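Welcome, and please have your viewer ready with a cartoon display and an easy way to select residues. We will go from one selection to the next, with a short note on what to look for at each stop.

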Amino acid sequence: MRAKIPDGVYDIIAGLENAGFQAFIVGGSVRDILLNREPQDWDVATDAKPEEILKIFPDSVYENAFGTVGVKVPASKIKESGDEDETEIVEVTTFRKEGRYSDQRHPDEVNFTDNVEEDLARRDFTINAIALSADDKVVDPFGGRDDLKDGIIRAVGDPDKRFKEDALRLMRAVRFVAQLGFKIEKETAEAIKNNADLLEVIAKERIRDEVIKIIMSDKAKWGIEELEKFGLLKNIIPELREGINVGQNKHHIYTVWEHNLRALDYAVSKKYMLEIRLASLLHDVGKPRTKGGDGLDSTFYGHEVVGARMTRKILERLHFNNEVVEKVYTLVRYHLFYYNVGEVTEAGVRRFIQRVGIENIDDLLKVREADRIGSGVPKAVPYKLRHLQFMIGKVRTDPISPKMLKINGSELMELLNISPGPRVGYILAALLEEVLDDPAKNTKEYLEKRAKELSGLNEDELKKTAYIAKEKKNEFESGAEEEMKKKFYVK
Ligand code: ATP
Ligand code: MG
């Protein structure tokens with residue numbers, strides 16, 4: 001096993017042992033080594049106390065009272081791809097046993113111990129409770145290796161008690177199912193069902209991190225299904241459950257729930273980034289609330305608007321960072337765009353890119369693809385989408401934001417001899433509208449000439465000119481509306 005342990009980690013264990021202490025690799029890194037998977041991070045456990053660890057590795061960070069010392073190691077000694085100048089942190093934790101848990105989250109007290117088995121006993125699952133020493137000695141008091149071989153997630157000790165101690169373990173169990181494709185052992189599974197409601201008290205950030213790990217795993221669809229099966233989803237993304245048993249119209253063979261999951265599954269199969277996976281999962285979350293009629297002709301008018309709002313709420317509630325929230329919001333909001341060859345002009349495509357954001361446009365097409373494949377009855381539209389891609393390529397470098405105009409605010413103020421104020425913004429917006437229609441007009445000469453003409457207008461007229469195109473319906477969206485009315489269904 002030595003070959004699988006990076007030098008940076010090996011040096012730490014050897015260093016501790018040479019100083020007369022016990023030292024082991026523990027936790028997920030041992031699990032992943034034994035499974036031939038790449039460990040995400042490395043955890044070392046030792047009977048050395050924090051001060052003693054610090055003495056051996058002075059270049060460390062020690063900031064918490066829980067006995068964990070972060071030893072700095074050159075990244076090149078941890079990963080092959082690691083940079084010579086960067087450092088990685090290996091967490092070295094003193095063996096500990098935990099006292100009572102009275103809040104379903106944190107142990108009331110932490111006590112150090114010099115017994116590695118006691119330290120392993122506080123860990124959540126048998127597959128995470130194996131210790132490995134520098135000379136390949138394995139400490140495995142709970143049969144973790146057997147469970148790894150059999151593909152089983154089993155709580156260490158009494159499952160009911162363990163989930164009551166820390167309810168995040170409920171989600172960790174499902175996360176390992178999704179990441180490893182394992183099954184949850186019967187008693188452990190029972191205990192998850194019985195304690196599912198405890199998830200309510202867990203910090204949203206911790207829940208979010210597990211959601212991310214599930215969504216980024218190869219079996220994300222299964223992971224979400226397991227969350228539902230165990231009664232956990234209602235405390236994570238209850239909105240998704242609204243689609244359970246909600247049938248769609250003649251163009252869909254799946255319920256809203258199944259369709260959302262299949263769209264996610266497609267995004268996973270393409271190894272798309274988190275935001276695209278989230279948008280695929282949530283793209284139709286608004287359908288149950290907007291459903292009209294029943295049976296083959298049911299409608300879902302406005303579900304992309306309602307769904308985008310729900311998406312924002314869900315992701316904010318789970319404390320996703322703002323960039324993720326806004327990106328996924330945009331992808332859900334515009335997933336329904338209508339495009340048909342010959343019906344949408346280049347100016348229409350530019351306006352659409354302006355609205356969606358150039359940074360989102362390619363990802364939006366990926367969500368659309370996930371939606372299409374996830375419906376189970378993909379219609380023959382790839383030609384249309386390919387044509388749209390071609391159109392996007394054509395206009396990609398065209399000016400679509402005020403920043404890309406060949407005249408800027410200060411040049412404008414100087415030219416017209418005006419001071420900062422709304423007029424400057426209106427004139428720039430009006431100029432941009434013209435350039436969106438015809439990028440050839442983006443020359444200093446033309447824009448200066450037009451700016452002078454526009455400056456003769458009063459504020460109301462100017463405002464109107466600036467926003468005239470905004471009042472014009474975006475071709476993509478009005479197209480979608482027409483299409484819906486014509487065919488009386490969505491997509
Ligand atoms: P990952 O691959 O995401 O790093 P991991 O199992 O290593 O998975 P970590 O959060 O890095 O998870 O934790 C390291 C180890 O600490 C776990 O393998 C487990 O032994 C223990 N552990 C982590 N969280 C808990 C918990 N909530 N309850 C009990 N033990 C835990
Ligand atoms: Mg880990």
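Start by selecting helix 1 (residues 7-18), which lies across strand 1 (23-26), strand 2 (43-46), strand 4 and strand 5 (87-94) and runs at about 150 degrees to strand 1. Contact here means heavy atoms within 4.5 Å, and helices (H or I, at least four residues) and strands (E, at least two) are DSSP runs numbered from the N terminus. Axes are lines fitted to C-alpha atoms, for helices over the stretch in contact, with angles from 0 to 180 degrees between N-to-C directions.

Before moving on, two notes on conventions. This is a predicted model, in which local features need pLDDT of at least 70 and side-chain atom pairs count only at pLDDT 80 or more, while totals for chains, interfaces and linings use all residues. Residues are numbered from 1 along each chain as its sequence is written, chains are lettered from A and ligands numbered from 1 in the order in which they are written, and side-chain values use heavy atoms, with hydrogens and water left out.

**Stop 1: the loop after helix 1**

Now select F21, in the loop between helix 1 and strand 1. Which residues does F21 touch, not counting residues up to four places away in sequence? They are L16, T46, D47, A48, E52 and I56. Of these, try A48: it is 27 residues from F21 along the chain, yet the two C-alpha atoms are separated by 6.0 Å.

**Stop 2: the sheet**

Colour the strands next. Seven of them make an open sheet with mixed pairing, in the order 3-4-5-2-1-8-9; two strands pair if DSSP finds at least two bridges between them. Strand 3 (60-61) and strand 9 (138-139) stand at the edges with a single partner strand each, so one side of each has no neighbour in the sheet.

Walk inward from strand 3, which runs antiparallel to strand 4 (residues 68-74) and is joined to it by two bridges. Select S60 and you will find V71 of strand 4 opposite. Strand 4 then pairs with strand 5 in the antiparallel sense over seven bridges, where G70 has E91 as its bridge partner.

From strand 5, step to strand 2: these two pair in the parallel sense over four bridges. V44 faces V92 there, and T46 stands opposite T94. Strand 2 also pairs with strand 1, in the antiparallel sense and over four bridges, with A45 as the bridge partner of F24.

**Stop 3: ligand 1**

Show ligand 1 as sticks, along with the 16 residues that surround it, each having a heavy atom within 4 Å of the ligand. R31, N128, D166, R169 and K213 are the closest. By class, the shell holds one nonpolar, four polar and 11 charged residues; Ala, Val, Leu, Ile, Met, Phe, Trp, Tyr, Cys and Pro count as nonpolar, Asp, Glu, Lys and Arg as charged, and the others, Gly among them, as polar.

Try some distances. An N or O atom in the side chain of R31 is 2.8 Å from an oxygen atom of ligand 1, and a polar side-chain atom of K213 also lies 2.8 Å from a ligand oxygen. Helix 2 (28-34) and helix 7 (168-180) are the elements that give two or more residues to this shell, and helix 7 has the largest share, with four residues.

**Stop 4: two crossing helices**

Finish with helix 10 (residues 220-229) and helix 12 (residues 256-269), whose axes come within 8 Å and cross at roughly 145 degrees. The residues of this contact divide into six nonpolar, no polar and six charged. On the helix 10 side select A220, K221, I224, E225 and E228, which meet W257, E258, L261, R262, L264, D265 and V268 in helix 12.

Conventions. Polar contact = N/O pair within 3.5 Å; in protein donor to acceptor, adjacent residues only side chain to side chain.
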